[in-house]
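Good morning, colleagues. Please take a moment to look at the chain on the screen before I begin.

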Amino acid sequence: MQHFTINSARKNFDNIVNSVVKHDETASIVTDDGEVILVNKQEWSGMLETMYLYSIPGMVESILESDAEPLEDCISIEELFADV
């Protein structure tokens, strides 16, 4: 993560934004009143999706259980949609 003061962020805002967008970097900008974080839209969408999944009771446990299941015990995509 790159860190900037508000003054340096003002001077380099275009470069900071381009770096966040193009290189998936995160930027921290510190002001006298606090700190803000810049992330690209893809990263932000991923965080929102993760928070949503965590909000569903039992979802995390279900994902972890299915992740631990051996692939040979799973059905193929063709079998899943065989009747469609």
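**Strands, core and surface**

What we have here is a predicted model, and I shall begin with the strands. Strand β1 covers residues 2-5 and runs parallel to β2, the two being joined by 4 bridges. Within this pairing, His3 is placed opposite Ser28 of β2. On to the next pair: β2 also pairs with strand β3, residues 35-38, here in the antiparallel sense and again through 4 bridges.

Ser28 is therefore a useful point of reference, since the residue has partners in two strands: His3 stands opposite Ser28, and so does Ile37 in β3. A second bridge between these strands joins Val30 to its partner Glu35 in β3. The connection between β2 and β3 is a hairpin with 4 residues between the strands, and Gly34 in that turn has a positive phi of about 155 degrees.

Let me stay with Ile37, which belongs to strand β3. Is this residue buried or exposed? Neither word applies, because its relative accessibility of 46% places Ile37 in the partly exposed class. Leaving out residues up to four places away in sequence, Ile37 touches Met1, Thr26, Ala27 and Ser28. With Met1, the separation is 36 residues in sequence and 9.4 Å in space, C-alpha to C-alpha.

I turn now to the interior. Which residues make up the largest nonpolar core? There are 6 of them: Phe4, Ala9, Ile16, Val20, Ala27 and Ile29. Two elements, α2 and β2, each give two or more residues to this core. In general, nonpolar side chains tend to be buried together in soluble globular proteins. Phe4 illustrates the arrangement: apart from neighbours within four places in sequence, Phe4 is in contact with Ala9, Ile16, Ala27, Ser28, Ile29 and Val30.

Helix α2 also holds Ser19. Ser19 counts as buried because its relative accessible area is 11%, and the cut-off for that class is under 20%. Beyond residues up to four places away in sequence, Ser19 touches Gln2, Asp24 and Glu25.

That brings us to Asp24, in the loop between α2, residues 13-23, and β2, residues 27-30. Asp24 is not a glycine, yet has a positive phi of about 50 degrees. For context, most residues other than glycine have a negative phi. With a relative accessible area of 55%, Asp24 is exposed.

Another exposed residue is Lys11, at 72% relative accessibility. Lys11 lies in helix α1, residues 6-11. From Lys11 to Thr31 there are 20 residues in sequence and 14 Å in space, C-alpha to C-alpha.

Finally, the surface towards the end of my list. Which residues form a nonpolar patch there? They are Ile75, Ile77, Leu80, Phe81 and Val84, and together they have about 570 Å² of accessible area. Phe81 sits in the segment after α5, residues 77-80. This phenylalanine is partly exposed, with a relative accessible area of 47%.

To close, I would ask you to keep two groups in view: the core that includes Phe4 and Ile29, and the surface patch that includes Phe81. Thank you for your attention.

Technical notes:
Residues are numbered from 1 along each chain as its sequence is written. This is a predicted model: local features need pLDDT of at least 70, side-chain atom pairs count only at pLDDT 80 or more; totals for chains, interfaces and linings use all residues. Side-chain values use heavy atoms; hydrogens and water are left out. Buried means under 20% relative accessible area, exposed over 50%, partly exposed in between (1.4 Å probe, protein chains only). Patches are made of residues with over 30% relative accessible area and no salt bridge: like charges are joined within 9 Å, nonpolar side chains (Val, Leu, Ile, Met, Phe, Trp, Tyr) within 5 Å. Accessible areas come from the Shrake-Rupley method with a 1.4 Å probe; for residues, only the protein chains shown count as cover. A salt bridge is a side-chain nitrogen of Lys or Arg within 4 Å of a carboxyl oxygen of Asp or Glu. A nonpolar core is a set of buried Ala, Val, Leu, Ile, Met, Phe, Trp, Tyr and Cys residues joined through side-chain atoms within 4.5 Å. Contact means heavy atoms within 4.5 Å. Two strands pair if DSSP finds at least two bridges between them.
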